[in-house]
Structures are given as C-alpha cells and as structure tokens.
Amino acid sequence: MAVPVIKIENLVKRYKDLIAVDHFNIQINEGDIFGLLGPNGSGKTTTIHCILSLLSFDKGTIEVFGETMRPDSYELKRQIGIVMQNVAVFDALTVYENIDYFCGLYVRDKKLRRKYVEETIDFVELGQFRKFYPKKLSGGLLRRLNIACGIAHKPKLIILDEPTVAVDPQSRNKILEGIAELNRQGATVIYTSHYMEEVEQLCTRIAIMDHGKNIAAGTADELKQMIKKSEKISIELSAVSEADIGNIRALPHVYDAVFAKRQLNIACSGGRHNLIHILNYLQQHDIPFGRVYSELPTLNDVFLEMTGRGLRDV
Amino acid sequence: MFWHEFVYEIRRLLRQKEELFWVLMFPVILGTLFYFAFGSINNTTENFHTIPVAVCRENGADNRAFTETLTALCEETCPPYFDVSETDFHTAKKMLQENKVRGIFRIGEEVTLLCASVEAENMNSTLAIEQSILEMFFQDYRASETAVTELIAENPAFAQKMPGLLETVSYGSPKKLTDGNLDNTVQYFYNLIAMACLFTSFAGAYIAMNNQANLSALGARKCISPCRKSVSVAAQFGSGILTQFVCLAVPVVYLVYVLGIKFGVGLPLLFLTVFAGCVTGVAFGFFVGCIGKVAEGTKVGILVSSSLFCCFLSGLMFGNMRNVVEKFCPFLNVINPAVRISDSFLTLNIYGVNGRYFGNLFALFLMAAVFLAAGCMMIRRKTYASI
C-alpha cells in the first residue's frame with residue numbers, strides 16, 4: 001500500500017482578491033517523482049511554499065510524513081530538502097563552504113557532514129570547482145551548486161522548484177539524471193516545472209495546475225488518455241480537395257482534418273493503425289504525398305484540450 | 001548550530017569587500033585626508049617662533065613698567081615671545097632693514113614702536129604676521145599704560161595697591177585645566193570614527209535580510225531549515241559585532257600610531273567606545289533590515305543617508321553643527337548615536353572617565369537594545385502572507 005508523504009486537502013491561498021491556490025488536493029506517495037506542471041503563475045510555487053509552512057494559507061490542511069507541517073516542525077524540516085527557483089547561495093563562500101554551511105544546518109556531526117558534503121560534490125560533479133566562488137561559475141554549474149545545497153543532508157523528501165530554468169541542455173540532462181538517481185536512492189521527489197518534456201521524462205505521477213486548481217492528475221499515460229486526441233498525423237501534400245478532406249474526416253477515429261500551408265493535419269482519437277487507414281485512402285484516390293509525420297499527444301496537448309490554451313501560450 | 005553559524009558568518013563578512021571598505025579603508029583614507037588638511041592649520045597656529053625686536057634707549061632713558069613687561073614676555077613664556085637686542089637706534093634701523101628684527105622699541109619720554117612698511121619689498125606673510133603680533137602687543141600695552149596712568153592721576157592711593165594687583169597677573173603662564181588634546185580639529189576624527197561605527201549597520205542589515213523568507217531566497221532557505229531563527233540571528237549578530245569591531249580597530253590604531261592623532265586616552269578606552277558604537281551600528285542596521293518588504297538597495301540607501309545625516313548633525317562636515325542642534329533641538333543630540341560616540345571621545349579626552357562618559361555608553365547600549373528588540377519583534381513572525 002502506498003505510504004503518503006504529502007497529503008494536501010482543500011488548500012486555498014488568497015492574495016487579496018486573487019486566488020493563487022483554489023481548493024487544491026493531492027497526495028504524494030513514498031518513492032514518487034511527482035511533477036507539478038503548470039504555466040507561470042499557476043500556483044505551483046505558492047503550493048510549495050504552503051507545504052513548507054513559509055506561507056500562511058486561508059483554508060485546507062497539509063500533512064507531511066503524516067504530521068501537520070508548522071513553522072516550528074524542526075524534526076520534519078530535517079527530512080526535507082528544498083531547491084528554490086532562485087539560486088540561494090552565499091557569494092562570499094566557496095562551492096565547498098556553501099554546501100558545508102547548508103548541510104551543517106541539518107547535520108551536527110562533523111565527520112558525517114564532511115562525508116555527505118564530499119558525496120554531494122561528487123554527485124553534482126563539482127569536484128574541480130570546490131574552491132570556486134559562485135560568481136565564477138556558469139549558469140548550469142551554479143544551478144548544480146544550488147541543488148547540492150538543498151540535497152547534501154540526504155533528505156527523504158526533496159522539493160525542486162523549477163531547477164532547470166535558464167540552464168543549458170547539457171546541464172539540464174545532468175540535473176534530470178541526478179534527480180532520477182536521488183529517487184533510486186530512496187528519496188521522494190516533488191518537481192515543479194513548466195517544461196512539459198522534463199516532467200514527462202522524469203515524473204512517475206503528474207498533477208497539472210492552472211489558476212491554482214488541480215485540473216488533472218495521474219501518470220503521463222493516464223493524463224493522455226483523458227483527452228480525445230491520441231495521435232496527430234501530418235502529411236505533406238501539394239493539393240487536396242475539400243471533398244477528400246471531408247472523406248478523411250469520416251474515416252474511423254479521425255475527428256479533425258485541416259489543410260494549410262501544404263500540410264494536412266489530422267487529429268485522431270484512440271485507435272490502432274490510424275496512419276495506415278489514411279495512407280491507404282490517399283493512395284486509393286491518387287493523391288500524391290510527401291513526408292509523413294505521426295506524433296503521439298504531449299502533455300501540452302492535454303493542457304491545451306483541458307484549458308483551451310497551450311502551456312507556452314500563457 | 002550557534003558556532004556553525006558564527007564561524008561561517010565571520011568568514012562571509014571578512015570576504016565582503018564592499019562592507020569592509022566602509023569600516024576599514026574609508027576611515028583610513030578620510031582620516032589621512034583630514035590629517036593633511038588640518039595639519040597645515042596646526043603648523044600655522046602651533047609653530048610659533050620668537051619674534052626678534054630691537055630696544056633703543058634714548059640717552060639711557062628707562063621705562064620700568066615697559067622693561068618689566070618685556071622681560072616677563074621673554075623669560076616667563078615658552079617659547080619666549082620676543083628676542084630682545086639692546087642697541088643704538090642707527091644699528092637697530094639697519095637690523096630692521098635687513099629683517100634681523102621685526103620692530104624697534106624706542107624708549108624715551110614715551111615708548112614708541114617702529115616697524116618696517118608693509119609695502120617693503122622683502123615683506124612676506126610670516127614677517128607680516130609677526131609684525132602684526134608686535135603691533136597688537138604694543139597697542140595693548142599702550143592702552144593699559146594710559147588707563148593705569150589716568151587712574152593714578154585721579155586717585156594717587158591706587159599707586160600703592162598696584163604692585164599687589166600686578167602680582168596676580170601673569171602674561172605667559174596659562175594654567176592647564178586638562179591634560180587632553182585641546183586642538184579643535186580632533187573633533188573631526190571623533191566624528192569620523194562615529195561615522196565608521198554607523199557604517200557597521202550594513203552588516204546588521206544583511207543579518208536581517210538573510211533570515212527572512214520574504215526578503216531573500218537565502219532567507220527562505222534558512223527558514224525552511226531546522227535551524228531556529230533566534231539561534232541564527234544571535235550567532236550572526238555576535239559575529240557581525242566581532243568582525244566589525246576588529247575591522248574598525250585597525251583605522252583607530254592607524255589614527256593613533258601612524259597619524260599621531262592625540263585622543264587624550266589610551267587604546268583600551270578608545271576600543272571600548274568603538275565597541276559600543278559597533279553594537280549600536282549593527283543593531284541599527286538589523287532594525288532597518290527588518291523593516292517590511294523593501295528592496296535591498298533601498299535599505300542600504302536608508303542606512304547610508306541616515307548615517308551621514310547623523311554625522312552631519314554631530315559636526316562631521318560643519319564643526320559647530322552639534323552646538324546649533326543643542327541650541328534649537330537638544331533632544332536630537334540625545335538620540336543621535338553619532339553625537340553619543342563623538343561625545344564619548346570628547347569626554348575621555350577632556351575630562352577622562354566620568355559619569356558623562358558612562359552615560360554616553362549607556363545611551364549607546366540602550367539604543368542598541370531598542371533597535372534589536374524592535375527588529376526581533378518584526379522578524380519573529382514565522383509564516384508570511386506573501387513572499
């Protein structure tokens with residue numbers, strides 16, 4: 001049976017007239033990599049701040065490891081690692097000192113702390129930069145240092161709030177691999193992002209947020225099954241008649257077909273061999289075609305269908 | 001946890017070049033500039049040279065009163081006011097032309113003074129000043145002589161009381177009321193140190209900002225950690241005071257031993273005053289740092305302007321300012337930490353350790369306690385309405 005690490009029920013947070021989190025409910029289980037996906041301003045960071053008891057909230061309950069989280073829940077805090085959206089390190093301390101300082105807020109034993117710090121430096125691959133000051137690090141390395149400061153004390157629950165913003169692809173991959181590795185080592189991870197590819201690649205369960213509401217939750221596959229569109233087929237054509245487009249629309253599982261800029265875009269709902277059916281039709285009616293693309297639905301499609309706008313349009 | 005915070009805060013503060021500049025380098029630079037600016041004033045006022053004069057007696061004439069006055073000024077003062085050469089008028093005139101003397105006292109029926117023309121070719125500012133001193137002395141003497149002569153003419157009995165009255169008059173042996181440095185310009189150095197003490201407020205402001213989740217990302221990270229805010233603030237406050245005090249001790253030692261500024265007391269009492277100033281400065285910065293959700297730049301601006309304003313009122317830019325404030329709004333002087341710090345130095349210099357000095361220290365520590373308590377009240381809130 002799944003053990004809940006975080007349980008949020010009916011959470012409401014208002015900023016004067018603005019409802020930042022609107023009756024939000026989730027349960028995050030031990031061993032999850034839980035993704036909170038939503039556009040900027042959807043309430044992800046506010047929810048995280050409420051979980052951490054940094055922000056007061058108007059309604060609802062939050063339980064962490066089965067206990068109500070309060071500002072003075074020091075034993076609970078000891079089990080949590082947080083990587084903030086903004087880099088939070090001391091410019092006047094070196095890479096090693098920064099990690100040691102933040103680890104020292106959680107771990108009193110000096111020997112154990114030294115061991116943890118060394119392991120973390122190896123983990124984030126900052127060994128050759130240990131004596132560097134943060135200002136000398138590139139954006140990607142700085143993000144890795146930010147992560148190291150949050151995870152050095154080996155927490156059971158790690159919360160990463162958009163840790164890959166403004167990071168180059170190589171560093172981003174390293175960060176994502178590192179998070180997966182932390183999860184393999186036993187940590188439960190909450191990962192917030194507006195990059196759907198990251199969330200889809202990394203997370204075992206996902207909640208999609210918009211305007212402070214949890215509009216859908218489940219695994220990536222479960223979320224995709226919630227929408228009508230399950231496949232998008234694009235075919236390069238020089239020309240096609242309205243009658244043919246109508247006939248294609250009438251094919252099984254096809255619910256939309258649009259021709260624009262010499263490309264026929266067909267949206268299909270769940271069903272096998274959709275592509276074969278369409279290509280057969282084109283061949284039978286002597287309609288010459290060029291390249292053919294078939295895309296499975298993304299989380300952006302899920303968001304688009306549920307909210308009427310794309311994640312990136314917000 | 002306390003020591004962990006304490007040690008890392010010291011490391012951090014000692015590497016903050018901008019903050020160190022204001023408490024370490026700025027007083028050294030400004031102190032050096034003050035030294036050279038006020039040094040020339042001291043040279044012209046303190047380096048008094050004995051003025052050479054010639055005395056000519058016409059036909060062996062004598063004027064006992066004048067001769068005794070001249071003798072007193074030559075023998076009872078250090079350095080002597082006048083270097084007297086008794087000679088005949090012809091030789092004296094030659095000496096005057098050759099600038100060997102600044103004036104000639106001719107003693108006949110009356111005493112007269114002959115000086116070189118101010119338009120003479122070889123006249124320079126030093127000669128002119130010495131000549132002015134000579135003329136002023138002679139005018140004073142003539143005025144006194146005339147007054148006494150008239151008094152005796154009106155009341156001959158007064159002549160018998162004169163010697164007794166004159167015994168109480170001394171031309172050249174002022175009685176010292178203090179062993180301190182009476183040079184007025186030293187007050188600028190008091191205010192300079194007071195300003196450096198108030199600049200320690202930057203360190204206090206960063207303590208506040210680094211411990212509040214709604215003011216910095218670092219503050220948020222600290223608030224999420226299991227380290228209690230009270231422990232963190234106490235450790236950082238202690239290390240802040242220690243580092244700022246050590247840094248400020250350097251310019252004080254520089255002023256005393258390198259520039260030779262005389263504060264009138266030894267280093268321990270100077271350090272005690274600077275320590276009290278640092279405690280007040282850091283606490284003031286902590287208080288300002290705790291105020292609301294204001295940008296870091298704005299808070300630094302508030303600290304710089306308020307520190308400079310306090311120092312302006314205590315006389316850093318205009319020496320008499322403190323007296324002006326005392327006349328029109330004395331309460332401002334009571335609550336102005338810069339005034340309390342500079343007055344502590346002044347008291348130590350002139351009167352030594354006394355009640356007024358301890359009163360100043362008490363006022364400084366009281367202000368620090370008020371700032372600290374008010375700051376703690378503001379940040380003890382544990383959850384925020386917005387971040």
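Which residues do ring pairs link into a cluster in chain B? Here are my notes, starting with that one.

1. **The ring cluster.** Phe66(B), Tyr81(B), Phe82(B), Phe105(B), Phe137(B), Phe138(B) and Tyr141(B) are joined into a cluster by ring pairs. Rings of Phe, Tyr and Trp (taking the six-membered ring of Trp) pair if their centres lie within 6.5 Å; planes under 30 degrees apart are called stacked, over 60 edge-to-face, and the rest tilted.

2. **Before you read on.** This is a predicted model, where local features need pLDDT of at least 70 and side-chain atom pairs count only at pLDDT 80 or more, while totals for chains, interfaces and linings use all residues. Residues are numbered from 1 along each chain as its sequence is written, chains are lettered from A and ligands numbered from 1 in the order in which they are written, and side-chain values use heavy atoms, with hydrogens and water left out.

3. **Two more ring pairs.** Over all chains, the count comes to 35 aromatic pairs. One of them is Phe2(B) with Trp3(B), an edge-to-face pair with 5.5 Å centre to centre and 85° between the planes. Phe2(B) is partly exposed at 31% relative accessible area, and Trp3(B) is exposed at 59% (buried means under 20%, exposed over 50%, partly exposed in between, with a 1.4 Å probe and protein chains only). Phe21(B) and Phe26(B) make a tilted pair, because their planes are at 50°, and their centres are 6.2 Å apart. Phe21(B) is partly exposed too, with 32%.

4. **H1 against H10 in chain B.** Helices (H or I, at least four residues) and strands (E, at least two) are DSSP runs, numbered from the N terminus. Helix H1 (residues 2–14) and helix H10 (residues 229–258) of chain B have axes that come within 8 Å and cross at roughly 40°. Axes here are lines fitted to C-alpha atoms, for helices over the stretch in contact, and angles run from 0 to 180 degrees between N-to-C directions. H1(B) and H10(B) are therefore oblique to each other (under 35 degrees is roughly parallel, over 145 roughly antiparallel, 65 to 115 roughly perpendicular, the rest oblique). H1(B) passes H10(B) in a right-handed crossing (the near helix is turned clockwise from the far one by less than a right angle; anticlockwise would be left-handed).

5. **What touches what there.** Contact means heavy atoms within 4.5 Å. Among the residues that meet are Phe2(B), Phe6(B) and Leu13(B) in H1(B), and Ala234(B), Gly238(B) and Leu242(B) in H10(B). Sorted by class, the contact of H1(B) with H10(B) has 10 nonpolar, seven polar and two charged residues. In that sorting, Ala, Val, Leu, Ile, Met, Phe, Trp, Tyr, Cys and Pro count as nonpolar, Asp, Glu, Lys and Arg as charged, and the others, Gly among them, as polar.

6. **H3 against H5 in chain A.** Over in chain A, helix H3 (residues 95–104) packs on H5(A) at about 30°, with the axes 7 Å apart. That angle makes H3(A) roughly parallel to H5(A). The contact uses Val95(A), Asn98(A), Ile99(A) and Phe102(A) from H3(A), plus Leu145(A), Ala148(A) and Cys149(A) from H5(A). By class, there are six nonpolar residues, one polar and no charged ones.

7. **H5 against H6 in chain A.** Helix H5 (residues 139–151) also packs with helix H6 (residues 169–184), at about 15° and with axes 9 Å apart. H5(A) is thus roughly parallel to H6(A). Arg143(A) and Ile147(A) are among the H5(A) residues in this contact, and Lys174(A) and Leu182(A) among those of H6(A). The tally for this contact is four nonpolar, two polar and three charged residues.

8. **A covered helix.** In helix H1 of chain A (residues 44–51), seven of the eight residues are buried. They include Lys44(A), His49(A) and Cys50(A). Ser53(A) follows H1(A) and has a positive phi, near 65°.

9. **Odd phi values.** His253(A) has a positive phi near 70° without being a glycine, and is partly exposed at 36%. Arg262(A), also not a glycine, has a positive phi of about 60° and is exposed at 59%.

10. **One buried threonine.** Thr32(B) sits in helix H2 (residues 17–46) of chain B and is buried at 18%. Leaving aside neighbours within four places in sequence, Thr32(B) is in contact with Tyr254(B) and Leu259(B).
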